[in-house]
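Take the sequence and the model below together. The text starts with the whole chain and then moves to its parts.

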Amino acid sequence: MSDGTASTLFMDLQPGQTLVVGGDVSVQLVHKTGRVARVRVTAPRNVKIDKKNDEPPQEVRAKAA
């Protein structure tokens with residue numbers, strides 16, 4: 001975000017469910033197998049979409065240990 005603030009939301013989705021961001025971007029969970037999820041992102045052409053590999057959130061790593 002341009003003002004240096006951000007928000008985080010953790011959400012469980014089932015295949016076929018869609019998350020809408022900002023009214024014009026949607027992320028649909030298409031398929032889930034084990035630790036891999038296939039998502040469909042629909043956004044206006046002027047919205048840049050990148051895949052970023054990050055470490056899992058702290059609480060997820062704690063549960064996995």
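What follows goes from the overall composition to the sheet, then to one hairpin and one residue.

The model is predicted. In it, the protein has 65 residues, of which 5% count as buried; buried here stands for a relative accessible area under 20%. The accessible surface of the protein is about 6200 Å², and carbon and sulfur atoms make up 51% of that area. Among contacts in the protein with a separation of 6 or more, 4% involve residues 24 or more positions apart.

The secondary structure consists of three strands and one helix. Read from the N terminus, the order of elements is β-β-β-α, with the helix after the strands.

How are the strands ordered in the sheet? They form an open sheet of three strands in the order β1-β2-β3, and the pairing is antiparallel. Strands β1 (18–21) and β3 (36–42) are at the edges and have a single partner strand each, so one side of each lacks a neighbour in the sheet. From one strand to the next, the twist averages 25°. As a general point, strands of a sheet pair through backbone hydrogen bonds, in either a parallel or an antiparallel way.

The pairing of β2 with β3 can be followed residue by residue. These two strands run antiparallel and are joined by seven bridges. Across the pair, L29 stands opposite V39 in β3, while K32 stands opposite A37 in β3. β2 and β3 form a hairpin, with two residues between the strands. One residue in the turn, G34, has a positive phi of about 55°.

Q28 gives a view of the sheet from a single position. This residue lies in strand β2, which covers residues 25–33. Which residues does Q28 contact, leaving aside its neighbours within four places in sequence? The list is G16, Q17, T18, R38, V39 and R40. Of these residues, T18 falls within the range of β1 (18–21), and R38, V39 and R40 fall within that of β3 (36–42). With R40, the link includes a polar contact between the two side chains, at 2.6 Å. V39, also in contact with Q28, is the residue that stands opposite L29.

Note on methods:
Residues are numbered from 1 along each chain as its sequence is written. This is a predicted model: local features need pLDDT of at least 70, side-chain atom pairs count only at pLDDT 80 or more; totals for chains, interfaces and linings use all residues. Side-chain values use heavy atoms; hydrogens and water are left out. Helices (H or I, at least four residues) and strands (E, at least two) are DSSP runs, numbered from the N terminus. Buried means under 20% relative accessible area, exposed over 50%, partly exposed in between (1.4 Å probe, protein chains only). Contact means heavy atoms within 4.5 Å. Accessible areas come from the Shrake-Rupley method with a 1.4 Å probe; for residues, only the protein chains shown count as cover. A polar contact is a pair of N or O atoms within 3.5 Å; within protein, one must be able to donate a hydrogen and the other to accept it, and residues adjacent in sequence count only if both atoms are side-chain atoms. Two strands pair if DSSP finds at least two bridges between them. Axes are lines fitted to C-alpha atoms, for helices over the stretch in contact, and angles run from 0 to 180 degrees between N-to-C directions.
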